[in-house]
Amino acid sequence: MNPDDFTFVARLLKDRVGLLLTRDKSYLVQNRLAGLLRAHGLANTGELVAALRKGDDGLATDVVDAMMSRDTAFFRDWKPFKHLSNVVLPNLRAARAAKRQLRILSMGCSTGQEAYSVAMQVIEEAESFAGWQVEIVGLDVSPAAIAIAERGLYNQFEVQRGLPIRSLLRHFTREGENWRIKDDLKRLVSFRAGNVLADIYPLGRFDVILCRNLLIGFDQQTKLEVLQKLSRSLNDDGMLYVGVDESLTGVSGSFAPVLPNIGVYGAQTTSLAAARAIAVARSG
């Protein structure tokens, strides 16, 4: 891939989804676009970029989709899910007892495993949340990924990645060689295509936002802008989960560390103490 073509593709990705590609990622671009070349009958990346330069918006959408990582799994990185289930959900249940509403957002939800993992944890506490309005929203820039998530059908390899056998048998039904999410779980989750660079405030405010391993591919300014938008969409005492290997220290003044070792942050507001309290296990 020649330098000019790489620069064009890199600029396209930065403008559309905030993804930062350095020149050493040229091999990654070529590998991920190989299938797209075959699908569109293009001989090489030069022909692809030529079509992009002519304003082929459909092809540009496909390029973005091909370049987005879909490396996901059920209960990926177990510790944050354990903290959410054992500490945050019980504390939120107490804090929201009057309203009896719970809203959780999975940013960059890919093919849905993260959002469904959270839904499984809520279902496990179904009696505790009886009569509650529970909404889990999955948001991703890829319409193709969202279509897979909405279908709720996964192959054997996908369900074996992080999903306990007990959860598989309880929350899925077998369909040939695949496994389908049961309806009671699907009812808790909705998916929509959306860009992390756009303002998500119209979606309303959330008690928990999971934005894990999504900020890694952004430059400093894009991270700052995204975190500012997330802070506006998080309830003052809510939790933000980022990847366990990510740190927001020195990145943004919108969030303060709560349990940074597992990627838990609270919005930097006057209610930060309340957020810290929700993130800590209660005694007795």
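Is Leu 59 buried or exposed, and what is its relative accessible area? In this predicted model, Leu 59 has a relative accessible area of 2%, and since buried means under 20%, the residue counts as buried. Leu 59 is part of helix α4, which runs over residues 57-67. Setting aside neighbours up to four places off in sequence, its contacts are Leu 36, His 40, Leu 42, Leu 48, Ala 51 and Leu 52. One of these partners, His 40, sits 19 residues away in sequence, yet the two C-alpha atoms are 8.5 Å apart in space.

Leu 37 tells a related story. It belongs to helix α2, residues 26-40, and its relative accessibility of 11% puts it in the buried class too. Beyond four places in sequence, Leu 37 touches Leu 42, Asn 44, Thr 45 and Leu 48. Leu 42 and Leu 48 thus turn up in the contact list of Leu 37 and also in that of Leu 59. From Leu 37 to Glu 47 the C-alpha distance is 8.8 Å, with ten residues of sequence separation.

Now for the chain as a whole. Its secondary structure adds up to twelve helices and ten strands. The radius of gyration is 20 Å and the globule rule gives 19 Å for 284 residues, so the chain is as compact as a globular protein of that length. Measured out along the principal axes, the C-alpha trace spans about 65 × 50 × 30 Å. Of the 284 residues, 48% count as buried. The accessible surface comes to about 13,200 Å², and carbon and sulfur atoms account for 50% of that. As for contacts between residues at least 6 apart in sequence, 74% join residues at least 24 apart.

In soluble globular proteins, nonpolar side chains tend to be buried together. Here, the largest nonpolar core has 46 residues, and those with the most contacts inside it are Phe 74, Tyr 116, Ile 136 and Phe 172. Helix α6, spanning residues 113-124, gives the most to this core, with seven residues. Apart from that core lies another, of 24 residues, which includes Leu 139, Leu 203, Phe 218 and Val 242. Back in the largest core, Ile 136 has a long list of partners once residues up to four places away are dropped: Ile 104, Ala 115, Val 118, Ala 119, Val 122, Leu 188, Val 189 and Ser 190.

Then there are the rings. The count of aromatic pairs comes to seven. Phe 75 and Phe 81 form one that is edge-to-face, with 5.3 Å from centre to centre and 75° between the planes. Both Phe 75 and Phe 81 are buried. Ring pairs also link Phe 74, Tyr 116, Tyr 154, Phe 172 and Phe 191 into a cluster. Of these, Phe 74, Tyr 116 and Phe 172 were already named among the residues with the most contacts inside the largest core.

Two arginines also come up against rings. Arg 103 lies over the face of Phe 206, 4.2 Å from the ring centre. The charged end of Arg 93 sits over the ring of Phe 129, at 5.3 Å from its centre.

Key: Residues are numbered from 1 along each chain as its sequence is written. This is a predicted model: local features need pLDDT of at least 70, side-chain atom pairs count only at pLDDT 80 or more; totals for chains, interfaces and linings use all residues. Side-chain values use heavy atoms; hydrogens and water are left out. Rings of Phe, Tyr and Trp (its six-membered ring) pair if their centres lie within 6.5 Å; planes under 30 degrees apart count as stacked, over 60 as edge-to-face and the rest as tilted. Buried means under 20% relative accessible area, exposed over 50%, partly exposed in between (1.4 Å probe, protein chains only). A charge sits over a ring if NZ of Lys or CZ of Arg is within 6 Å of the ring centre and within 35 degrees of the ring normal. A nonpolar core is a set of buried Ala, Val, Leu, Ile, Met, Phe, Trp, Tyr and Cys residues joined through side-chain atoms within 4.5 Å. Helices (H or I, at least four residues) and strands (E, at least two) are DSSP runs, numbered from the N terminus. Contact means heavy atoms within 4.5 Å. The radius of gyration is taken over C-alpha atoms; the globule rule is 2.2 Å times the number of residues to the power 0.38. Accessible areas come from the Shrake-Rupley method with a 1.4 Å probe; for residues, only the protein chains shown count as cover.
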